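Hi everyone, thanks for making time. Have a look at the model on the screen, and I'll walk you through a few places in it.

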Amino acid sequence: MNWEEKFADRLAQLRIEKGVSARDMSLSIGQSAGYINNIENKNNLPSMSLFFYICEYLNITPKDFFDIETENPKKLNEVISDLKMLTSERLDNISAIIRDLKK
């Protein structure tokens, strides 16, 4: 799979996770109704500025967009933000729970 296909697939995945149609997303970022659909069908790629609008719309960073190993980067970023507010002891407890869940 080449990078254009990966880009299109990742966009579709993140858009679906957000629960929005390609048409609604296209219109929300100020484009024609079929804009996102054209990208997801591998007929087009966004300009750099539109890529940043797409990331902003999805509430993720460009780095998150290309981190294909992370299925739901928005939720992961929310969890990380919450974890930063915990005490060391509570982080140890969460770490133990995560290790147990991974078994």
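Let me start with a question: is L58 buried or exposed? With a relative accessible area of 6%, L58 is buried, because anything under 20% counts as buried here. One caution before I go on: this is a predicted model, so please keep that in mind throughout.

Where does L58 sit? L58 belongs to helix α4. Leaving aside residues up to four places away in sequence, L58 touches L11, L14, R15, K18, M25 and K74. And if you want a sense of distance, take T87: it is 29 residues from L58 in sequence, and the two C-alpha atoms are 30 Å apart in space.

Now zoom out to the whole of that helix. α4 covers residues 48–58, and L58 shares its buried status with L50, F51, I54, C55 and Y57. Looking down the axis of α4, you find those buried residues inside an arc of 160°, so they line one face of the helix. The general background is that an α-helix has 3.6 residues a turn, so residues three or four places apart point the same way. Turn to the other side of α4 and you meet M48 and E56, which are exposed.

What do the buried residues of α4 pack against? Quite a list: α1 (3–18), α2 (22–28), α3 (35–40), α5 (62–66) and α6 (73–83).

Right after α4 comes N59, and its backbone deserves a look. N59 sits in the loop between α4 and α5. Its phi is near 60°, which is a positive value in a residue other than glycine. For context, most residues other than glycine have a negative phi. As for accessibility, N59 comes out at 42%, so it counts as partly exposed.

There's another residue with that kind of backbone: K42, in the loop between α3 and α4. K42 isn't a glycine either, and its phi is positive at about 65°. K42 is partly exposed, with 42% relative accessibility.

K42 also brings me to salt bridges. How many does the structure hold? Three. The general idea is that side chains of opposite charge can pair when their charged atoms come close.

The K42 one pairs its side chain with that of D9, at 3.6 Å from N to O. Since K42 is in the loop between α3 and α4 while D9 is in helix α1, the pair ties together parts that are 33 residues apart in sequence. D9 is partly exposed too, with a relative accessibility of 35%.

Next, E40 and R15, whose side chains meet at 2.7 Å, N to O. E40 is in helix α3 and R15 in helix α1, so this pair ties together parts that are 25 residues apart in sequence. Are these two buried or exposed? E40 is buried at 12% relative accessible area, and R15 is buried at 11%. You may remember R15 from earlier, as one of the residues that L58 touches.

The remaining pair is K74 with E78, where the closest N and O atoms are 3.4 Å apart. This one stays inside a single helix: both residues are in α6, four residues apart, or about one turn. K74 is partly exposed at 34% relative accessibility, and E78 is partly exposed at 40%.

Last stop, the largest pocket. The general trick is that rolling a probe the size of a water molecule over the atoms shows where empty space is left. The largest pocket has about 150 Å³ of space. Which residues line it? The lining is L14, E17, K18, L58, I60, N72, P73, K74, K75 and E78. So we're back at L58, and both partners of the α6 salt bridge, K74 and E78, are in the lining as well.

Helix by helix, α1 and α6 each supply at least two lining residues, and α6 gives the largest share, four residues. Sorted by class, the lining has five charged residues, four nonpolar and one polar.

That's my tour. Happy to take questions.

Key: Residues are numbered from 1 along each chain as its sequence is written. This is a predicted model: local features need pLDDT of at least 70, side-chain atom pairs count only at pLDDT 80 or more; totals for chains, interfaces and linings use all residues. Side-chain values use heavy atoms; hydrogens and water are left out. Buried means under 20% relative accessible area, exposed over 50%, partly exposed in between (1.4 Å probe, protein chains only). The arc is that of the directions from the helix axis to the C-beta atoms. Contact means heavy atoms within 4.5 Å. A salt bridge is a side-chain nitrogen of Lys or Arg within 4 Å of a carboxyl oxygen of Asp or Glu. On a 1 Å grid over the protein atoms alone, a cavity is a set of points where a 1.4 Å probe fits but cannot get out, and a pocket is an open set with protein on both sides within 12 Å along at least five of seven lines; lining residues have an atom within 4 Å of a point. Grid points are joined across faces, edges and corners, and a volume is the space filled by probe spheres set on the points. Ala, Val, Leu, Ile, Met, Phe, Trp, Tyr, Cys and Pro count as nonpolar, Asp, Glu, Lys and Arg as charged, and the others, Gly among them, as polar.
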